[in-house]
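Here is a short tour for anyone opening this one for the first time. Have a look around, and then we'll go through a few spots together.

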Amino acid sequence: MSADRIAVVPGDGIGQEVVPVAVDVLDAVGNFEFVHANAGDAVAAETGDPLPDATYETVADADATIFGAAGDTAADVVLPLREAVGSFANVRPARAYPGVDALQPETDLVFVRENTEGVYAGIEDEITEGVSTLTRVVTDDASRDIAEFGFDYAVENGYDDVTVAHKANVMRETDGRFLDRCREVAREHPDIDESEVDEALMDALAMHLVQRPTDYGVVVCPNLAGDVLSDLAAGLVGGLGLLPSANVGRENGLFEPVHGSAPDIAGDGVANPSATVLSAAMLLEHLGYDEEAGRVRDAVESVLEAGPRTPDLGGDATTDDVGNAILDEL
Ligand code: ATP
Ligand code: MG
């Protein structure tokens with residue numbers, strides 16, 4: 001069998017500093033073919049195009065992509081790249097780690113967010129002077145896909161609670177459809193007990209997540225709700241430098257830290273690489289390397305607990321110090 005092909009797209013700012021750490025980590029645990037490509041502000045300044053066709057194709061053809069961040073051109077880069085991998089699910093774990101200050105130190109949540117429609121379907125109009133509208137799209141297919149993905153994810157990753165976030169009491173037609181499809185999938189799902197499936201109004205859920213995050217496991221969300229609630233949960237566990245994400249497609253996937261290009265610290269060599277290395281662990285899992293993914297996660301956890309730590313976590317270590325410590329653990 002030939003080696004899995006991983007596209008490497010560092011992008012802008014600290015993406016250039018943290019992605020190489022993730023590549024070293026991937027290289028340490030597996031035999032991969034890396035294909036380097038770029039996108040973002042720097043590429044746009046040079047070529048006029050933030051996302052060259054060659055990069056799009058490299059990502060579309062790869063088995064998986066590790067991506068850093070794009071600055072001002074983020075929307076022109078990330079949205080098409082998510083499309084290039086046919087991503088229908090955005091997975092954002094929010095976990096607290098020993099040794100890291102967190103508002104809610106027991107938090108262990110995973111948001112599974114619909115990634116193709118809802119209010120982000122891009123249908124906005126000014127219908128007349130002073131009045132704008134937005135069309136929210138919810139389909140049976142996308143709703144079933146995200147629900148199935150969420151239930152499978154819960155089973156495969158050892159979570160026994162699944163919560164479906166919605167606002168079907170107000171958005172009866174759209175979230176009503178979303179909720180109905182989720183209920184169907186829940187009934188059909190052999191491994192999750194129906195009593196463990198919870199439906200939550202997204203506004204009340206926001207409050208409960210702050211107060212009692214440990215009541216929740218996997219949270220299946222429509223697009224916008226998932227965006228907002230996962231950022232809220234990020235605030236519970238203390239710091240953008242720790243949060244990975246996956247844009248999962250049928251065949252491939254795009255894995256990226258939740259943080260952006262962090263222009264305030266870019267070039268200083270002090271960005272925390274943990275979020276990107278944890279994204280690489282999600283990539284490994286997506287490709288079926290569960291044991292390797294577990295080892296990478298354990299190594300990151302050990303370093304978070306024992307140090308060295310970058311300044312965002314109160315230390316004075318560099319990106320490379322942390323990267324080398326993770327590699328030593330491995
Ligand atoms: P962008 O427009 O690219 O999103 P931004 O200015 O919003 O850039 P973010 O990357 O979203 O910056 O980061 C927000 C804050 O969190 C910044 O102060 C940044 O320094 C900090 N931060 C983000 N990621 C990291 C990281 N990996 N390590 C340390 N600090 C980080
Ligand atoms: Mg930002």
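Let's start at a proline. Pro-308 sits in the loop between helix 10 (290–306) and helix 11 (319–329). The bond leading into this residue is worth a look: Gly-307 and Pro-308 are joined by a cis peptide bond, with omega at about 0°. Keep in mind as you go that this is a predicted model.

Both of those residues belong to an annotated stretch. According to UniProt, in an unreviewed entry, residues 5–326 carry the feature "domain: Isopropylmalate dehydrogenase-like". That span is 43% helix and 21% strand, and its end C-alpha atoms are 23 Å apart.

**Around the ligand**

Now for ligand 1. Which residues come nearest to ligand 1? There are 14 residues around it, and the nearest are Gly-260, Ser-261, Ala-262, Asp-264 and Asn-272. Sorted by class, this shell has seven nonpolar, five polar and two charged residues.

Three of the contacts made by oxygen atoms of the ligand are set out here.

| Residue | Part of the residue | Distance to an oxygen atom of ligand 1 |
|---|---|---|
| Gly-260 | polar backbone atom | 2.8 Å |
| Ala-262 | polar backbone atom | 3.0 Å |
| Asp-264 | polar side-chain atom | 2.7 Å |

On its own, ligand 1 has 610 Å² of accessible area, and the protein covers 65% of that.

Ala-262 deserves a second glance. Its place is in the loop between strand 12 (253–257) and helix 9, and its phi is positive, about 45°, although Ala-262 is not a glycine. So one residue brings together an unusual-looking entry in this list and a backbone contact with the ligand, at 3.0 Å.

**The largest pocket**

What about open space? The largest pocket holds about 430 Å³. Its lining is made up of 17 residues, with Phe-149, Tyr-153, Glu-156, Asn-157 and His-286 lying nearest the centre. Four elements give two or more residues each to that lining: strand 4 (87–95), helix 5 (140–156), strand 11 (244–249) and helix 9 (274–286). Which of them gives the largest share? That would be helix 5, with six residues. By class, the lining comes out as eight nonpolar, two polar and seven charged residues.

**Closed-off spaces**

There are enclosed spaces too. Searching the whole structure turns up three cavities of 30 Å³ or more. The largest cavity has a volume of about 50 Å³. It is lined by Glu-114, Glu-117, Gly-118, Arg-136, Val-137, Val-138, Ser-143, Phe-178, Pro-222 and Asn-223. Those residues split into four nonpolar, three polar and three charged.

Key
Residues are numbered from 1 along each chain as its sequence is written. Chains are lettered from A and ligands numbered from 1 in the order in which they are written. This is a predicted model: local features need pLDDT of at least 70, side-chain atom pairs count only at pLDDT 80 or more; totals for chains, interfaces and linings use all residues. Side-chain values use heavy atoms; hydrogens and water are left out. On a 1 Å grid over the protein atoms alone, a cavity is a set of points where a 1.4 Å probe fits but cannot get out, and a pocket is an open set with protein on both sides within 12 Å along at least five of seven lines; lining residues have an atom within 4 Å of a point. Grid points are joined across faces, edges and corners, and a volume is the space filled by probe spheres set on the points. Ala, Val, Leu, Ile, Met, Phe, Trp, Tyr, Cys and Pro count as nonpolar, Asp, Glu, Lys and Arg as charged, and the others, Gly among them, as polar. A residue is near a molecule or strand if one of its heavy atoms lies within 4 Å of it. A polar contact is a pair of N or O atoms within 3.5 Å; within protein, one must be able to donate a hydrogen and the other to accept it, and residues adjacent in sequence count only if both atoms are side-chain atoms. Accessible areas come from the Shrake-Rupley method with a 1.4 Å probe; for residues, only the protein chains shown count as cover. UniProt positions are given in the numbering used here, feature names are shortened, and annotations may be inferred rather than shown by experiment.
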